[in-house]
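User: I am new to reading structures. Can we go through this one with short questions and short answers?

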Amino acid sequence: MEELKYSQRLTLLHGICLAEIHADGATPSTDLADYDALDAAYYLASYISFNAITAAGRNPKEELTEDFDMLSVYQAYGLLTFAFLTTPLAAEDIKPDYQAAQVTIAKTLFSGIPDEQMIEIINSGLNKVKLISDADVEHWGEFRENLDKLTISFVIAGTDDESPHRKEEVLPLFGQLLSQLCEAFEAT
C-alpha cells in the first residue's frame, strides 16, 4: 500500500473522528477528496482541545463566570495544537491560516458566547500563545515539545494500523498537558 502523505492522514483522521461522533446515524463521506487538510486541522485542533478539557475535568461553563481567563488558556491550547497539526503541511506547500484557526477554534469551543467575550478570549489566547512560543524558559520548551510529539502521535495512532497505540489511548494524554498549562497560568 502506498504511504499516505501527511495531508491525507489529517483528512483521514478528520473523517474517522466525524464518523465516531455522528450520533444521528449520518455517515460522513469516506472519500478523502471530500476533505481539505486545513479544514481537517481546524476540526482536529478543536476536537483535541475539547477532549483535553473533558479529560482534565475542566468546566468551561463554570469558568465563564468564575475564572474567565481560563477560557483563553483553552483557546491558546487549541491554537498551539493547530500549529503542531499544520507544521508538517509545509512540506506539501500547504500554508495554514492562523487568523481563521483562531476564530474557528473559539467558535467551536465556546459556541453561544457573545462576540465581545469571544474576541477577548481570542486576543488573550493569542497573547498566551506568543508568550509560550517566544519563551526560552525550559518548562515552556518542554511543553511545546511534548504537545508537538503528542499531536503527531495522535495523527499516527489514528491513521496507521501498525501504530503501537490507538488514538483512544493517546487522546487522554492531551488532558494532562492541558492541566499543566492551566496550572502554569493559574500560578501567574
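User: How many salt bridges does the count come to?

Analyst: This is a predicted model, so side-chain atom pairs count only at pLDDT 80 or more. A pair also needs a Lys or Arg side-chain nitrogen within 4 Å of a carboxyl oxygen of Asp or Glu. By this rule, the count is seven.

User: Arg9 forms a salt bridge with which residue?

Analyst: The closest N and O atoms of the pair are 2.7 Å apart. That is a salt bridge because the cut-off is within 4 Å. The partner of Arg9 is Glu3.

User: Is Arg9 buried or exposed?

Analyst: Buried means under 20% relative accessible area, and exposed means over 50%. Its partner Glu3 has 57%, so Glu3 counts as exposed. Arg9 has 11% relative accessibility, so Arg9 counts as buried.

User: Asp69 and Lys128 form a salt bridge. How many residues apart in sequence are the parts that this pair ties together?

Analyst: The closest N and O atoms of Asp69 and Lys128 are 3.0 Å apart. Asp69 lies in helix α4, residues 69-86, and Lys128 lies in helix α6, residues 115-134. So the pair ties together parts whose separation in sequence is 59 residues.

User: Lys128 or Asp69: which one counts as buried?

Analyst: Asp69 is at 37% relative accessibility, so Asp69 counts as partly exposed. At 8%, the residue that counts as buried is Lys128.

User: What is the N to O distance between Lys167 and Glu168?

Analyst: Lys167 is buried, at 5% relative accessibility. Glu168 is partly exposed, at 38%. Their side chains meet in a salt bridge, and the N to O distance is 3.1 Å.

User: Which residues are joined into one network by salt bridges that share partners?

Analyst: Here the salt bridges have partners in common. They link one Arg and two Glu residues into one network: Arg58, Glu63 and Glu186.

User: Now the nonpolar core. Which element gives the most residues to the largest one?

Analyst: Nonpolar side chains tend to be buried together in soluble globular proteins. The largest nonpolar core here has 58 residues, and Leu10, Tyr77, Leu85, Phe110, Phe143 and Phe174 touch the most other members. Elements giving two or more residues to this core include α1 (6-21), α5 (98-109), α7 (138-159) and α8 (167-186). With twelve residues, the element that gives the most is α2.

User: Which residues does Phe143 touch, leaving out those up to four places away in sequence?

Analyst: Phe143 is among the residues that touch the most other members of the largest core. Contact means heavy atoms within 4.5 Å. Not counting residues up to four places away, Phe143 touches Tyr77, Leu80, Ile132, Leu177, Gln180 and Leu181.

Methods: Residues numbered from 1 in each chain as written. Predicted model: local features only at pLDDT ≥ 70, side-chain atom pairs only at ≥ 80, totals over all residues. Heavy atoms only, no water. Buried < 20%, exposed > 50% of the residue type's maximum accessible area, 1.4 Å probe, protein only. Helix = DSSP H or I, 4+ residues; strand = E, 2+ residues; numbered from the N terminus. Core = buried A, V, L, I, M, F, W, Y, C linked by side-chain atoms within 4.5 Å.
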